[in-house]
Amino acid sequence: MTAPAASAATPVTAQRRRGTLRSRGLLNGRVVFGGTLLFIVVAVAVVGLVWTPYPADATNLQARFAAPQWLHLIGTDELGRDILSRAMVGAQTSLIISACAVGIAAAIGTVIGFLTGYMRGVIDIVLSRVIDAMLAVPALVVALGIVAMLGASATSVTVALAVAYTPQFSRVFRGVVVAARDQTYVEASRGLGLPAIVVVVKDLLPPVLPIMVVQVTTSLAWGILDEASLGFLGLGVQPPAPSWGSLLIEGRQYMYDAPWLPIGAGAFVVVAVLGVNILGDGLRDVLDPRAWTRRHSYRKGGAK
Amino acid sequence: MLKYALYRLCLAVPLLFLLSILTFVYIQIIPGDPVAGMLGPGGTPALVAQLRHELGLDQSLPSQYWHWLSNLFAHGDLGISFITRQPITPVLMDRIPATLQLTVTGLIFTVALGWLGGFLAGAFKDTWADRMLSGITLVGLSTPVFWIGTILILVFAVHLRWLPAGGYVPLAVDPVQSIKDSLMPGFAMGLGLAPYLARMTRAATVEVQHEPFLRHARAKGLRGRTMLLRYAARNAVPSTIVVIGLQLGALIGGQVVVEQLFNWPGLSRLLIEGAVQRDYYMVQAVILVIAVLYVVLNLAAELAHAALDPRIRL
């Protein structure tokens, strides 16, 4: 983004924004704190690839329903499997599912956002109305409907969440593109006779990127929550394969005898989502122009 | 006001129409042949063809859609269940009182916690109270409903034995028990949604304090408390009503989890059961009802906002 060749085509406002961004500092307290939490969760998942306190599927009938203790930090389940080990392995599944779902949704949402925002016309009218209609159904309900269609598995959860999040991405990106396409610098590029694809990539993508970062973080938090929710409802990754969602439904059956099962697995979800949310909040303050204008209209500080 | 109401209403009609098309299409894009799946291994091709005919699935798509829609409007008929082969509409109607009761309880907790927390944080911006409330809000945003609900059950039902761990009695049968039953699920839902409302209320309260009329009031020497309650709160509230309307979708989504956790026989339970058993018509019907509820409630919230804040009607 800082290539000198591109600066000829970038507008003054973008340069000014870039200055603000640098002086404000990309690394505010919340970005660092949220990023650290997220890093710890990802690190736990990565460590789980090569080492866990116990093998995730190793049963130990002598240690069934062991309460949290030194040997089993979050206790064990009905087969004596170590919850911490299972949650570490499950973290991989959960994080991969949410990341893939959000990635797919962002990619499709970008394409739809640009089609509707830049091309306008009939495509815009039809697609925008379809997106309005989809937004009238809560994302978790859309996801439930799709899992019902495809059957419960890791793949269908990923597809379901991707479809459920796409409308939000399309809506947000369309707004940014519509605002940008009437700027004089875009008009200039079109006046030069540049093909649409060049205009989109060189002039319209840069203003979308910061908002995409913010939207991706927000959706990632939802992705982790919704994967776990689907699992809790019995429609996510199916036990005995570990994921945070599947651990929750296993834990639910024994929540009276062994409350550490649902609480322990849920705590991983809380830490992960908290990290992503704090990171997203910090990034929004730095990157989202909508948050700046609100900030500048106040005398000091800013409202979230 | 009437003109504005009519305008909003006109916008909602095509949306509802499109929703009906989308839910209809949902059934069409299911991979494989649901009818063959419904009959299981015993379904000979002749039987499958016969059932397809009975269900009207051998007609053209537009004619199927027309048939479905006209039945829906003329008789409120949402088709028959794939699994039980019983009409869906009466089953759905049965569940609506429980769902409404839970929604209202959840809404009361959401509004009470969200408005109070958001207003206090906004009024005392940048003080320790604001920082504490904003911290709680952020943790609340990240806490899944099933987690907080499980902890509530363990504390209030298992440990303290104050409230039942789940179950439902209709309001008409035993009002006291019914309200007791709905307290915990409603509170869990409120805890899940109040953080959003608190954030918006905080932002609205902060914004209002910079309006010229408040600067004027301050210049006149009005006491801080009078100013906050009579001027700031009154002007911050209307814009949060739209947020409540938009949050209804999340309220319904969160309800799916809450109903399952507290064993509450509402609409969402039908959705989950339908999804688990792959009862496509049931899933389709519940999604349609939820979407229509959402559109109607949203419309109500926007009209309430317009009624409370004349600036919107312009």
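Which elements does chain A run through from the N terminus on? The run is α-α-α-α-α-α-α-α-α-α-α-α, so to speak a list of 12 helices and zero strands. Keep in mind that this is a predicted model. Below is a quick tour of chain A, the nonpolar cores and the place where chain A meets chain B.

**Chain A on its own**
- Chain A has 304 residues, and 52% of them count as buried.
- Take the contacts in chain A with a separation of 6 or more: 69% of them are between residues 24 or more positions apart.

**The nonpolar cores**
- The largest nonpolar core holds 142 residues. Leu230(A), Trp244(A) and Leu92(B) are the ones that touch the most other members, and they come from both chain A and chain B.
- Helix α11 of chain A, residues 260–287, gives the most to this core, putting in 15 residues.
- There's also a second core, separate from that one, with 11 residues. Among them are Phe119(B), Val208(B), Leu214(B) and Ala232(B).

**A look at Trp244(A)**
- Leaving aside residues up to four places away in sequence, Trp244(A) touches Val41(A), Ala87(A), Gly90(A), Ala91(A), Ser94(A) and Leu95(A), among others.
- The list for Trp244(A) also includes Ile224(A), Glu227(A), Phe268(A), Val269(A) and Ala272(A).
- Phe268(A), Val269(A) and Ala272(A) sit within the 260–287 stretch of α11(A).

**Where chain A meets chain B**
- On the chain A side 46 residues are in contact, and they meet 51 residues of chain B.
- About 4200 Å² is buried between the two chains, with carbon and sulfur atoms giving 74% of that area.
- The rule finds one salt bridge across this interface. Asp281(A) pairs up with Arg199(B) in a salt bridge, and their closest N and O atoms are 2.6 Å apart.
- Polar contacts across the interface come to four residue pairs, both residues being at pLDDT 80 or more.

**What the chain A side is made of**
- Five helices of chain A each supply at least two residues to the side touching chain B: α5 (121–135), α6 (139–150), α9 (196–232), α10 (244–253) and α11.
- The largest share of that side is from α11(A), with 11 residues. That's the helix that also gives the most to the largest nonpolar core.
- Sorted by class, the side of chain A that touches chain B has 33 nonpolar residues, six polar and seven charged.

How values were computed:
Residues are numbered from 1 along each chain as its sequence is written. Chains are lettered from A and ligands numbered from 1 in the order in which they are written. This is a predicted model: local features need pLDDT of at least 70, side-chain atom pairs count only at pLDDT 80 or more; totals for chains, interfaces and linings use all residues. Side-chain values use heavy atoms; hydrogens and water are left out. A nonpolar core is a set of buried Ala, Val, Leu, Ile, Met, Phe, Trp, Tyr and Cys residues joined through side-chain atoms within 4.5 Å. Buried means under 20% relative accessible area, exposed over 50%, partly exposed in between (1.4 Å probe, protein chains only). Helices (H or I, at least four residues) and strands (E, at least two) are DSSP runs, numbered from the N terminus. Contact means heavy atoms within 4.5 Å. Buried area is the accessible area (1.4 Å probe) that two parts lose on being put together, summed over both. A salt bridge is a side-chain nitrogen of Lys or Arg within 4 Å of a carboxyl oxygen of Asp or Glu. A polar contact is a pair of N or O atoms within 3.5 Å; within protein, one must be able to donate a hydrogen and the other to accept it, and residues adjacent in sequence count only if both atoms are side-chain atoms. Ala, Val, Leu, Ile, Met, Phe, Trp, Tyr, Cys and Pro count as nonpolar, Asp, Glu, Lys and Arg as charged, and the others, Gly among them, as polar.
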